[in-house]
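Reader: I am new to this structure and would like to be led through it slowly. Please show me the sequence and the model before we begin.

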Amino acid sequence: MRVTELHRDTAGEAVDAVFAGLSARSRYLRFHSPTPRLTASARRALADVDGERHAAVCARVGGDPVGIARMIRTSECGAEIAVAVVDLWQRRGVGRRMLEELTAVAARMGVAELHGDVLPDNHAMLALVRKVLPGVELTREDDTVHLSYPLAWVTAEITDADLVNSLRGI
C-alpha cells in the first residue's frame with residue numbers, strides 16, 4: 001500500500017473509485033446521510049484538491065485507490081478532516097496510515113487544529129482518531145461527536161524543563 005498526496009489531475013478518478021467501494025452503511029457514516037450517488041457538484045467539491053485550502057491523501061493498493069483522507073481549511077488556523085476507506089480494505093491499517101500522513105501534510109501547511117464531526121455509532125472512526133491523534137478532544141454535540149485536535153501535539157518541541165514542570169504540576 002502506498003499513501004501519497006492527491007492532486008487535481010488524479011482526484012476525480014480516486015473519488016469515483018473510493019465512493020464505488022463504499023457500502024450504503026459506509027457512505028452513511030462518511031456523509032452523515034443516505035448517499036446512494038455523488039451529485040456532480042459534490043464530486044467536483046471532493047475532487048477540487050488545491051493543496052492550500054483543500055488537501056488530501058490517497059491510499060492505493062496495486063495502483064487502485066482504496067481510501068482518501070482529506071482536510072479542508074475552515075479558518076486560517078483550522079481544518080476539517082474526513083476519512084473514507086473502501087469496505088474491502090477497512091480494519092487493515094489504511095485509515096491509520098492515511099490519517100498519519102494527512103496530519104503531517106496539515107502541519108507542513110501551517111494548520112494549527114484539526115476538527116470534524118463523527119456519528120456516534122461510527123466506532124471504527126472514533127477508535128482511529130483516539131489511536132492516531134493522542135489527546136484528541138471528543139465532545140458530544142446533538143447527533144454527532146465533535147473532534148478537536150491541536151497540531152501542537154505533533155509539531156511542538158518539548159524540553160526537559162517542560163517535562164519536569166509537568167511532573168511538578170506547574
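The questions and answers below go through the sheet, a pair of helices and one residue.

Author: This is a predicted model, in which local features need pLDDT of at least 70 and side-chain atom pairs count only at pLDDT 80 or more, while totals for chains, interfaces and linings use all residues. Residues are numbered from 1 along each chain as its sequence is written, and side-chain values use heavy atoms, with hydrogens and water left out.

Reader: Which strands stand at the edges of the open sheet?

Author: Strands here are DSSP runs of E with at least two residues, helices are runs of H or I with at least four, and both are numbered from the N terminus; two strands pair if DSSP finds at least two bridges between them. The open sheet has seven strands with mixed pairing, in the order β1-β2-β3-β4-β5-β7-β6. Each edge strand has a single partner strand, so one side of it is left without a neighbour in the sheet, and these strands are β1 (2–5) and β6 (137–141).

Reader: Which residue of β2 stands opposite Thr 4?

Author: Strands of a sheet pair through backbone hydrogen bonds, either parallel or antiparallel. β1 and β2 (residues 54–61) run antiparallel and are joined by four bridges. Across from Thr 4, in β2, stands Cys 58.

Reader: What is the phi of Asp 142 in the turn between β6 and β7?

Author: β6 pairs with β7 (residues 144–150) over five bridges in the antiparallel sense, and Thr 139 stands opposite His 146 in β7. The two strands form a hairpin with two residues between them, and Asp 142 in the turn has a positive phi of about 50°.

Reader: Are α1 and α3 parallel or oblique to each other?

Author: Axes are lines fitted to C-alpha atoms, for helices over the stretch in contact, and angles run from 0 to 180 degrees between N-to-C directions. α1 and α3 (residues 40–47) pack with their axes 8 Å apart, at an angle of about 130°. Angles under 35 degrees count as roughly parallel, over 145 as roughly antiparallel, 65 to 115 as roughly perpendicular and the rest as oblique, and α1 and α3 are therefore oblique.

Reader: Is Ser 26 buried or exposed?

Author: Ser 26 lies in helix α2 (residues 24–31), and it touches Asp 87 and Gln 90, not counting residues up to four places away in sequence, where contact means heavy atoms within 4.5 Å. Buried means under 20% relative accessible area, exposed over 50% and partly exposed in between, with a 1.4 Å probe and protein chains only. With a relative accessible area of 12%, Ser 26 is buried.
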